[in-house]
Amino acid sequence: MSTGIVVFLCLLGLICTKCFEFPDQKRISERKCDEYRQLTVKTSALLTLSLRPTKIKFDDYKCPNTVDLIVGGERARVGEFPHQALLGYPSDNNKIEFKCGGSLISNRFVLTAAHCLKGNDLPTVVRLAELDLSVEDKDQVDFDVEKVIKHPEYSSRQAYNDIALVKLDQDVYFTKMLRPACLWTSSELNMTQAIATGFGRTDFGESQMVTKQKAFFPNSFFQISGGTSSDQMLKVQLDVFDASACGYLNSMATKRKFPRGVISSQICAGSLRDNRDTCQGDSGGPLEVVTDQKGCTFHIIGITSTGAGCGSAVPSIYTRVSSYIDWIESIVWVGDA
């Protein structure tokens with residue numbers, strides 16, 4: 001039935017539907033994505049030199065492009081990942097310790113992993129626009145945490161539904177250096193590679209490496225000592241695999257965390273070469289793709305959840321964002337739909 005007929009019948013009250021709401025209407029997270037993209041675009045106009053001048057409009061994109069290439073990765077550039085967040089936790093020496101990552105997805109909410117909100121060990125600060133923890137930067141900004149919201153079906157005993165939202169105490173003012181990422185809403189992943197970012201561990205001594213046969217996968221920070229953390233934000237390109245590539249999680253050693261194996265709400269990603277991986281401190285951080293190189297539009301497809309340890313030659317598990325879009329929208333944009 002055509003749109004015009006539906007509208008006519010709707011106005012006559014002959015069909016049971018809400019007027020002007022059709023299947024092709026974008027959902028709220030997609031409409032917000034369109035808004036965020038405009039933050040990187042400056043539209044200019046020129047008049048042609050002719051007897052009948054015409055106005056020509058063109059878009060100028062003000063953001064850096066990402067490059068291929070975290071372990072086996074490289075440093076991020078200024079403004080390259082303007083949605084990257086750090087979750088800060090109070091420490092014994094009255095300082096803030098940044099132990100998890102996240103992604104800014106609106107003017108008040110950061111998307112992260114539920115295992116980053118464990119018990120009474122909760123973040124009190126969210127830092128945005130950070131590039132180098134060893135340097136005070138004019139762009140970095142800290143926000144107090146107003147509320148943390150774990151997915152209602154998350155359990156620390158298992159590795160499923162590892163997703164959470166952190167609400168900031170005030171609105172974020174968007175700039176070229178600080179703006180939200182979009183959410184991947186389709187259940188289909190039409191990509192074979194993605195980018196992971198964070199400030200996590202970059203190496204472990206041989207004695208600290210874990211093998212997939214002996215690995216224990218806590219849904220908390222990887223409990224592996226040794227290695228070093230990076231003060232600089234790092235990026236790494238990873239391959240997106242079929243769930244069967246993470247079949248090692250079906251072993252007896254990990255059955256308690258993965259009683260149903262790897263399920264549809266999870267993504268298996270990593271690299272079987274060059275020791276590329278995401279490590280401690282990157283928990284909760286984004287697995288993302290660039291969907292518009294000119295406009296620098298990032299879509300978050302996954303959240304760093306759990307894996308076999310730093311730089312191990314087996315893929316890791318990421319929470320599939322598209323499986324939780326309804327839940328995210330019901331909290332982040334309540335009343336905007």
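**Entry 1: helix H3**

I count a residue as buried when its relative accessible area is under 20%, as exposed when it is over 50%, and as partly exposed in between, using a 1.4 Å probe and protein chains only. The model I am reading is predicted, so local features need a pLDDT of at least 70 and side-chain atom pairs count only at pLDDT 80 or more, while totals for chains, interfaces and linings use all residues. Residues are numbered from 1 along each chain as its sequence is written, and side-chain values use heavy atoms, with hydrogens and water left out.

I looked up H3, a helix in the sense of a DSSP run (H or I, at least four residues; strands are E, at least two), with numbering from the N terminus. How many of its eight residues are buried? I found six, so I describe H3 as mostly covered. The buried residues are Ile 325, Trp 327, Ile 328, Glu 329, Ile 331 and Val 332. I then asked what covers the buried residues of H3, and I noted that the cover includes helix H2, strand S6 (109-112), strand S8 (141-150), strand S9 (164-168) and strand S10 (182-183).

**Entry 2: the nonpolar cores**

A nonpolar core is a set of buried Ala, Val, Leu, Ile, Met, Phe, Trp, Tyr and Cys residues joined through side-chain atoms within 4.5 Å. The largest one has 43 residues, and Leu 111, Leu 128, Leu 165 and Ile 328 have the most contacts inside it. I see that H3 (residues 325-332) gives the most to this core, with five residues. Where does the core lie with respect to domain 1 (82-179 + 325-333) and domain 2 (182-202 + 232-322)? It lies between them, because both domains give residues to it; their bounds come from an automatic or database domain assignment.

Next I followed Leu 111, taking contact to mean heavy atoms within 4.5 Å. Not counting residues up to four places away in sequence, Leu 111 touches Gly 102, Ser 103, Ile 105, Ile 163, Ala 164, Leu 165, Leu 183, Gly 284, Ile 300, Ile 303, Val 321 and Ile 328. I also noted a second, separate core of 13 residues, which includes Leu 238, Ala 269, Val 289 and Tyr 318.

**Entry 3: the largest cavity**

A cavity is a set of points on a 1 Å grid, over the protein atoms alone, where a 1.4 Å probe fits but cannot get out, and its lining residues have an atom within 4 Å of a point. Twelve residues line the largest cavity, and those lying nearest its centre are Arg 179, Pro 180, Cys 296, Thr 297 and Phe 298. I recorded helix H2 (28-38) and strand S17 (297-306) as the elements that give two or more residues to this lining. I sorted the lining into seven nonpolar, three polar and two charged residues, where Ala, Val, Leu, Ile, Met, Phe, Trp, Tyr, Cys and Pro count as nonpolar, Asp, Glu, Lys and Arg as charged, and the others, Gly among them, as polar. The largest cavity lies between domain 1 and domain 2, since both give residues to its lining.

**Entry 4: two positive phi angles**

Most residues other than glycine have a negative phi. I therefore noted Asn 94, whose phi is near 65 degrees, a positive value, although it is not a glycine. Asn 94 is in the loop between strand S4 (84-90) and strand S5 (96-104), and it is exposed, with a relative accessible area of 76%. Ala 129 also has a positive phi, near 60 degrees, and I located it in the loop between strand S7 (125-128) and S8. Is Ala 129 buried or exposed? With 15% relative accessibility, Ala 129 counts as buried.

**Entry 5: three residues in strands**

Lys 167 lies in strand S9. Its C-alpha atom is 8.9 Å from that of Asp 144, and the two residues are 23 apart along the chain. Residues up to four places away left out, Lys 167 touches Arg 108, Phe 109, Asp 144, Val 145, Glu 146 and Lys 147.

I placed Ala 196 in strand S11 (residues 193-198), where it is buried with a relative accessible area of 0%. The C-alpha atoms of Ala 196 and Gly 73 are separated by 9.4 Å, although their positions lie 123 residues apart in the count along the chain.

Gly 302 is in strand S17 and counts as buried at 0% relative accessibility. Its C-alpha atom is 8.5 Å from that of Gly 285, 17 residues apart along the chain. Beyond its neighbours within four places in sequence, Gly 302 is in contact with Ile 267, Gly 285, Pro 286, Leu 287, Tyr 318, Thr 319 and Val 321.

How values were computed. 1 Å grid on protein atoms, 1.4 Å probe; cavity = no way out; pocket = protein on both sides within 12 Å on 5 of 7 lines; lining within 4 Å.
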